[in-house]
Structure formats: structure tokens, C-alpha cells
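Got your viewer open? Let's take a short walk through this structure, one selection at a time.

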Amino acid sequence: MEFSRDRHDAEVLDNAQELLTCSVCFEYIQSPIYQCHNGHTICSSCKAGLFNKLCPSCRQELGDIRCPELEKTAESLVVNCKYKEFGCPDINIPYCTRFIHEDSCTFRQYSCPWSGYGWACPAVGDIPFIVYHLRQHHKSYVHKTCYFKRQFIFPDIYKYQNYTSVDTILKCFDGYFSLRAQGYLIGSIPVFIAFMNFIGNQVDANSYRYSLEIRENGQKLSFEGIPRSINSESRSKMDGLVVMGSRVHPGGETRDINLVVICGIWKPGFGCATLVG
């Protein structure tokens, strides 16, 4: 009977798969599930982001039609983790909780954070692979510390206009962090920004805090924040330690960016980082 039940669930999932796939992002839909007048389904986040509020499949007005029957069907289904092919052994996960599982799955796939000169590395893998890939392919250095001082030297920003450094990885507590920096131009004004990414999911990243400081000529600039997952798209260009104008490029013969950043990572309740010069 168990075999028959499993086969029945598989048949139900196969029949519902097309309806449970968002017509915009092509991911499985979480409740609430919306549909247009012609029955095309869309997830709530994609629906909110549509500028013209038209169904992307038939171009009819979406409205606010919920699909309770499909939501009820989804609640009764059990599925495998989407990372099963990468080694996740978890099967028969309730459909309504699969998104929570997959977000924190050990076998979740992440994109390499390295980019530069308008090119982004296409490598994808789990956390151990990403760390190994950054070390071997991009020659990043891993430092087992929660406190670090890093000198960033970017070549002529007026010539290259956009430069990114992802060559420093910190192993702190039980996580890996990528100290990143970017140099670019806003009009003719040079801008430097440093920030920290967590090599993992955002739920785990929220357990940490980090500080960045630049000290020069008796002055100090600082920033504190929550590291963003390397898969996160929510970080704005001002989410980090931002330095602009003459502080970035003081003039003289060189047009390079040359700044020293002091960083610290801590967990709330485990003591605060004390940044030392």
C-alpha cells in the first residue's frame, strides 16, 4: 500500500507541477498562489513586482484571484529536496516546508561571488566547493580570524572605472566570510565601498554582525551591519563602508585607490569585536 501511495503522490505532483511553477521565475510557488482569468499561476513576489500587472503568459489582467484548490493540493504533497542530485538525502518533505529546508540545505548551490571588469564568474557549487574554488581558481587567501586589516590597492580608477576585489576570506566561528571591495566612478567622482558577504544562506548570515573602519590623518570612518549572503540580491550600493572623493583619491601622481580597511566579525551575545590599529 505504501508503494501505491508513493506512486499516487508522484502522479499528483506530476499533474500539479506545471500549475505549481510560477510563470515568471519558474520556481515552485509558495502560498498564497494567484492565477489570472485563464488559470496561469504566479507567485506573490513576482505578482507584486510586475509593472503592468498583466499575466506574462496571456497578457490578460491578473487581478487578485487566489487559487485555494491548488493551495490545498500543494499542502497535501510531499517532494524531494531540489538539491537531491547534489547529495541531499532528504525525501518526502512536505511541500509547504520545502522552501525552508532548501534555503538552509547543506547541499544548496551558491554562485561564485568573484567579478571584475564587467565579468562575473559562472562557477556554482555548495559551500565547500565555493571556498575551494575561490582559493584555487581566484587565488583568494583564507585567514582563520575574526579580526583583520586589509590594504586595498586598485589601479587607475579613471582608466578602468570599475574594479572589484574578492580575494580575502575569513574563517570565523563556524562560517566563511568574503571581505569584498569595489572601486568605481559616479560621474567623475571616485567611490570606494567595502562590505562583507557570508558564504551561506541569509538565515545563518543574520546570526552575525561585522564592522569596517578606515583610519587616516586622525579621522575615522566606520560601518556596522549584517553580512549578506553571497546569493542575496538585496544589498544596495550604499550597504557597506562608503568612501568618496578626495578620501579615495587624494591627488598627486598616482591615480590608484589605496586604502586600509580594518574589519571585525562577531555574534550578538558572544562579545563585540574590538578593532585594533
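**Stop one: a spot on the surface**

Start by selecting Met 244: with a relative accessibility of 39%, this residue counts as partly exposed, because that label covers values between 20% and 50%. Bear in mind as you look around that the model is predicted. Met 244 belongs to strand E18, which covers residues 241-244.

Now add Ile 186 and Ile 189 to your selection. Together with Met 244, they make up a nonpolar patch on the surface, and the accessible area of the three comes to about 250 Å².

**Stop two: a hairpin**

Next, pick residues 209-216, which are strand E15, and residues 219-225, which are strand E16. The two run antiparallel, and 7 bridges join them. Which residue of E16 stands opposite Ser 211? Look across and you'll find Glu 224 there.

Then head for the turn: this hairpin has 2 residues between its strands. Click on Asn 217, which takes a positive phi near 55°.

**Stop three: an open sheet**

For the last stop, select strands E1, E2 and E3. How are they ordered? The order is E2-E1-E3, in an open sheet of 3 strands with antiparallel pairing. At the edges are E2 (41-43) and E3 (65-66), each pairing on one side only.

Zoom in on E1, residues 33-35: 2 bridges join this strand to E3. Finish by selecting Tyr 34 and Arg 66, since they make a handy pair to view: Tyr 34 stands opposite Arg 66 in E3.

Conventions:
Residues are numbered from 1 along each chain as its sequence is written. This is a predicted model: local features need pLDDT of at least 70, side-chain atom pairs count only at pLDDT 80 or more; totals for chains, interfaces and linings use all residues. Side-chain values use heavy atoms; hydrogens and water are left out. Patches are made of residues with over 30% relative accessible area and no salt bridge: like charges are joined within 9 Å, nonpolar side chains (Val, Leu, Ile, Met, Phe, Trp, Tyr) within 5 Å. Accessible areas come from the Shrake-Rupley method with a 1.4 Å probe; for residues, only the protein chains shown count as cover. A salt bridge is a side-chain nitrogen of Lys or Arg within 4 Å of a carboxyl oxygen of Asp or Glu. Helices (H or I, at least four residues) and strands (E, at least two) are DSSP runs, numbered from the N terminus. Buried means under 20% relative accessible area, exposed over 50%, partly exposed in between (1.4 Å probe, protein chains only). Two strands pair if DSSP finds at least two bridges between them.
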